[in-house]
Amino acid sequence: VTRFSSEFLLNRLGQGAMYDLRMKLCTQILAAPLRHLEQVGAPRMLATLTDDVPAITNAILMIPQICVNAALVVGCLAYMGVLSLQLLGIVLGFMVLGIITYQLPIIKVQKLFGLARKDTDVLQEHFRALTQGTKELKIHSRRREDFIKDGLRLTAGSLQKRNIAGQNLYSAASSWGQTLVFVVVGLILFLLPVVQHLTGYMMVAYALTLLYLMTPLQVILNTLPQ
């Protein structure tokens with residue numbers, strides 16, 4: 001019942017936020033000076049209403065997910081601290097290393113997605129030309145070919161390449177984060193017992209907690225850029 005209630009409230013919150021944002025933007029567009037609207041351009045306004053508003057709404061819906069998983073991370077770290085502060089220090093060190101090395105490619109990803117967003121504005125302009133100038137494009141075959149080759153295909157191809165490059169970098173960063181967790185597990189199970197005495201209980205508890213920690217940590221790292 002509580003799960004259904006929370007999802008019900010989140011759905012209402014998401015749709016309400018989308019409605020409010022769209023109505024506010026539409027009101028602001030109608031209230032803005034015509035000259036300013038011409039400078040912004042209809043394609044950019046359309047892209048904002050159709051693409052940006054749902055993206056912001058989805059981000060709002062991710063906040064509870066981040067909070068829940070953050071609580072799990074804090075709980076796991078507290079439990080590991082109770083077991084061994086020394087081992088917790090090693091884990092935190094690797095976590096800091098993982099987050100820093102994860103963020104470096106994410107900066108590049110954000111730049112690629114920013115350029116892709118600009119391509120979306122141009123693509124909206126092409127779509128508008130396609131829907132409003134269909135008759136003219138049908139009549140002039142040369143103009144139609146130029147429109148498809150130099151306009152539509154070029155922009156759509158650029159958007160595709162940047163999205164693929166961004167998603168591949170994003171996947172690589174996520175895989176690296178998971179790999180680093182396994183490195184820490186291997187370090188605790190195989191290397192640390194050689195250097196200092198660790199009980200079997202402590203090694204098993206740390207390994208299991210780290211493996212459990214992977215999922216909430218991965219959810220946080222994957223959700224924050226979105």
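**Exercise 1.** In which helix is the place of T215? Find the helix, then classify the exposure of T215.

*Solution.* The model is a predicted one, in which local features need pLDDT of at least 70 and side-chain atom pairs count only at pLDDT 80 or more, while totals for chains, interfaces and linings use all residues. Residues are numbered from 1 along each chain as its sequence is written, and side-chain values use heavy atoms, with hydrogens and water left out.

Step 1. T215 belongs to helix α7. Helices are DSSP runs (H or I, at least four residues), numbered from the N terminus.

Step 2. The relative accessibility of T215 is 53%, so T215 counts as exposed. The classes are buried (under 20% relative accessible area), exposed (over 50%) and partly exposed in between, with a 1.4 Å probe and protein chains only.

Step 3. Along the chain T215 and L72 are 143 residues apart, yet their C-alpha atoms are separated by 9.6 Å.

**Exercise 2.** Compare the expected span of α7 with its end C-alpha distance, and locate its kink.

*Solution.* Step 1. The expected span is 1.5 Å times one less than the number of residues. With 24 residues, α7 should span 34 Å; the end C-alpha atoms lie 35 Å apart, which agrees.

Step 2. At M214, shortly before the proline P216, α7 has a kink of about 30°. The bend is the angle between axes fitted to the seven residues ending at a residue and the seven starting there.

**Exercise 3.** Describe the largest nonpolar core and the part that α7 plays in it.

*Solution.* Step 1. A nonpolar core is a set of buried Ala, Val, Leu, Ile, Met, Phe, Trp, Tyr and Cys residues joined through side-chain atoms within 4.5 Å. The largest has 23 residues, and L77, M80, V91, I188, Y206 and L210 have the most contacts inside it.

Step 2. Two or more residues each come from α3 (42–83), α4 (85–132), α6 (141–195) and α7 (200–223). The most come from α7, which gives nine.

Step 3. Leaving aside residues up to four places away in sequence, L210 is in contact (heavy atoms within 4.5 Å) with M80, V91, V181, V184, V185 and I188.

Step 4. Q218 is also in α7. Q218 is buried at 13% relative accessible area, and touches S174 and Q178, again not counting residues up to four places away in sequence.

**Exercise 4.** How many disulfides does the structure hold?

*Solution.* Step 1. The count is zero, where a disulfide is a pair of cysteine sulfur atoms within 2.5 Å.

Step 2. For C67, the nearest cysteine sulfur is that of C76, 16 Å away.

Step 3. C67 is partly exposed at 47% relative accessibility, whereas C76 is buried at 8%.
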